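Reader: Hey, could you walk me through this one before I get back to the bench?
Author: Sure, have a look at it first and then ask away.

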Amino acid sequence: MQEEDPDDSTGSDEPGGLRQDVRAEGGFAYGVIGADIHVFGDGMPLYLLENWRPVPETDAQWLREQPSRMLNSRFAVVDFTGREDELAQLHQWRETGPRLAARWLHGPGGQGKSRLAAQFAAESAAAGWKVVTATHGPGSVIPPPGSQDMRLDNTAGLLMIVDYADRWPQTHLTWLLSNALLHQSAVRTRVLLLARTADPWPALRATLTNQQVGASTQFLEPLSPDDSGQRAEMFDAARDSFARHYGVDALAGIAPPGPLDDPDFGLTLAVHMAALVAVDAHVTGRRPPADMAGLTIYLLDREQAHWARLYGDATHELNPTERTYTTPPGVMNQTVFTAALTGPLEHAAGTAVLTTLQLQLPPQQVLADHAVCYPPASPVGGATLEPLYPDRLAEDFLALTLPGHTADYPAQAWASAATTTLLTRNTDHTPPTWTPRTITFLAAAAERWPHVAQQYLNPLLLNDPQLALAAGSAALTALASLEDIGSDTLITVGAHFPQERHRDLDPGMAAVTARITPYLLAEIDDPGYHAQVHHHLGVRLSAVGRWGEAVEAASEAVAIRRRLAESSPTVHEPDLALSLHNLAASLSDIGRWGEAVEAASEAVAIRRRLAEGNPTVHEPYLGLALTNLSGHLATVRRQKQAVVTQQEAVAIFRRLAESSPTMYEPDLAHSLHNLGAAFAKVGRWGEAVEAASEAVAIRRRLAEGNPTAHEPDLASSLINLGASLSGSGQRKEEALTATQEAVAVFRRLVAGNASGYEPDLALSLHNLAASLSDAGRRREAAEVAREVVALYRRLAEAYPAAYEPDLASSLTNLAVSLSEVGQRDSALKALNEVVAIHRRLRQAKPSAYGSSIVPSVKNISGQLRALRRAVKGMVLYWRLRRSQVQQAGFDRGALEGDNEAT
């Protein structure tokens, strides 16, 4: 399932009133006022923005017909209780911190995320906040024609709620977070993202930091054991709320059906289910079951009873032809099962699905009867197949309907074939649009019901493993966590992963690769194969920022290949050099720069020896190894060695490019780029400008032919050119122009892949601030410097060894900018933080950071001249310590290594 690049269509305010006419010419009728719409090329929105709707009025008798309706958070039957502390945390987050902030609220299904968010939304709306919901577009039902008014006039702030955020592709979330609605400087804005897991959060947090968004997480803990009374209090509140809808007054005799201190009752939903079943059983004169499986089956039995009651017995009616509900319970069972797997569909799609399943009744009638039992969330818009709620109950219904369990619930023989049919590819061989939901729900059900994985997911994915990729990263991660999924299934799925990185699949692919690695190692007793498995794991882990684990995997690959090379160097030394290359990159990622130099040096020695014996084959690899070593040498401030090493690489690639430009010009540009940076670091500005200019010229030509492949490299070379021009002290306007172009490119790239390009954006902005200051545009320089600090602060929180020096450098430059615009108190605050960072670095690595040359910064007087002298001294110090930041940097390939998947 390939996605198209979205077009960016912006909805705007209309002068003179609220009216906006939205017309669909054979397509999608949806519009917003005061916000952006991001759409695919076919007009389908990536996401839908809607004004939050308060809890609808519901009839008590209608709720009692199917008790599960009372568990649907949309109807808010249960008075909010038991999560007051978590709600208070959300209110504090709303009212404090930066103007724009996002929070990832996560916890298992049934933990009460939706109820907590709904209560928070209601209280925020009552406090004058504009509350908006965002729904993922692909796979959703198109809303009714019209528009949504998103204007923020006279609001206390904006709260956006994003449900199922962990199931959104990363790129789609990134587009959502770029929406102009969220970036109105005068409006306090909060984005609350609800998810079951935190797996996608690190990459998204990087995107948020790039956009100067305050980022935080909040884990919804399980309910405390009942010695605290929390579960009993929640049970009582739920019981009383349900009892009101049943018209029950005498509540004293309605006790929990089982012990609330059981681990199964750590979920909010579990306590609510216990309360609902207790009340319903009390009213109907039944004995309630005591365990979770029994409570689930009780509620599903009530669903079945309702279908049977609606169908009735037509043989005893006077006018059977006048019946409006004609779907037998067995057919309704199949339809509800289908809806759980597909989710809501537009009417035409729902009709097509039921036609395919051959349910023995006209699809139109079945859909109409199903809507009686499960009306769509929106009363207009043509939605069908509204699923059973809550999700956890639907997951259990799927598991219990599929044969293979021993619970006291009737499994259905048709369920297996229906599942297979629903996942059958279309005539054009594309998977059905509901594949992500189907695989994700089956995987969630398999967490509690092993037969779902063993008897259904395994054969489905072995037969068509690419369904797992079509399901997306969240589904891959869920599959990787299942105990009962077959190792052969995951290995088969992994064999279909793309070799290159895929930003929307990388987290899931890394999870699956980590899960199958032990099986692969046990499968074949061959050291060469083992080395390749560890090498491949390291590449996957590095792609998602799991760098510590990546170092472990790469180290193991190096150890194995070193032993192999000792006995057969000709065969195994090339692989050893490759693994050393990747190990050096991963070591650099976590700040172990000295060890990175050692690994990269050994790789060069191997490549040099091989090139002497067979230059035609091995000389290009020697050039690449030299380039990477030069980058690592620069990182540890061995600048003269870095220059000499890079000059050798340039000479190799210049010679190769003369005979084969198409193949080797990219490598030549790469080496020239790094040579320019190396010259800059030792103050050879004229040579730096010359090398950087040649690199930009080559890469601009390459980017014109293939922008996707070469634009990131062009932007990196523009950074270096700007820094070199600035360093030469004369061509400041040219320096500013080059740096601005680089920033524009990296902002575009970060929107699609935050974790991949965030450090590059930080570097380009760092240099832009310096160029703006040199041009006398000091207030603009201060604003950009603030953004740089925000970026490096987030990076340093995740990887302090690698990015704390950069944070100190950016804070120092921020202090310079603030002092130049008269904000002396803020400048001193930034400098005090620099001192704290420096002291931490000195304690951790005294040899690297020496004694502080600024021990008295905290005692700087308020005089502007004294402040400026101290600030400039610190700027010099940090430029010496981390000069690759201020004077541009080596290519990403040199600093990180071109992690190759082989």
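**Chat about the model**

Author: Let's start in a loop: Ala 76 counts as partly exposed because its relative accessibility is 35%. Keep in mind that this is a predicted model.

Reader: OK, which loop is Ala 76 in?
Author: The one between α1 (60-65) and α2 (84-95). Ala 76 also has a positive phi, about 45°, although it is not a glycine.

Reader: Why bring up the sign of phi?
Author: Because most residues other than glycine have a negative phi.

Reader: And what's the phi of Gln 358?
Author: Near 55°, so a positive value in a residue other than glycine again, and most such residues have a negative one. Gln 358 lies in the loop between α10 (347-357) and α11 (363-373).

Reader: Is Gln 358 buried or exposed?
Author: Exposed, because its relative accessible area is 65% and the cut-off for exposed is over 50%.

Reader: Switching topic: is the peptide bond from Tyr 389 to Pro 390 cis or trans?
Author: It's cis, with omega near -5°. Pro 390 sits in the loop between β12 (383-384) and α12 (391-401). Most peptide bonds are trans.

Reader: Let's go to Arg 190. Where is it?
Author: In strand β9, which covers residues 189-195. Arg 190 is buried, yet it has no salt bridge.

Reader: How far away is the nearest side chain of opposite charge?
Author: That's Glu 95, and it is 7.5 Å away. A salt bridge would need the charged atoms within 4 Å.

Reader: Then what does the side chain of Arg 190 reach?
Author: The backbone oxygen of Thr 96, at 2.7 Å. The Arg 190 side chain also reaches the backbone oxygen of Arg 99, at 2.9 Å.

Reader: Which residues does Arg 190 touch, leaving out those up to four places away in sequence?
Author: Among them are Trp 93, Gly 97, Pro 98, Leu 100, Trp 129, Leu 158 and Met 160.

Reader: What about His 282? Which helix?
Author: Helix α7, residues 268-284. His 282 counts as partly exposed because its relative accessibility is 41%. Not counting residues up to four places away in sequence, His 282 touches Val 248, Ala 250 and Ile 254. Its C-alpha atom is 8.6 Å from that of Gly 253, which is 29 residues apart from it along the chain.

Reader: Last one, the whole protein: how many helices and strands?
Author: 37 helices and 12 strands. Of the 902 residues, 54% are buried. The protein exposes about 37,200 Å², and carbon and sulfur atoms supply 51% of that.

Conventions. Residues are numbered from 1 along each chain as its sequence is written. This is a predicted model: local features need pLDDT of at least 70, side-chain atom pairs count only at pLDDT 80 or more; totals for chains, interfaces and linings use all residues. Side-chain values use heavy atoms; hydrogens and water are left out. Helices (H or I, at least four residues) and strands (E, at least two) are DSSP runs, numbered from the N terminus. Buried means under 20% relative accessible area, exposed over 50%, partly exposed in between (1.4 Å probe, protein chains only). Accessible areas come from the Shrake-Rupley method with a 1.4 Å probe; for residues, only the protein chains shown count as cover. Lys and Arg count as positive and Asp and Glu as negative; His and the chain ends are not counted. A polar contact is a pair of N or O atoms within 3.5 Å; within protein, one must be able to donate a hydrogen and the other to accept it, and residues adjacent in sequence count only if both atoms are side-chain atoms. Contact means heavy atoms within 4.5 Å.
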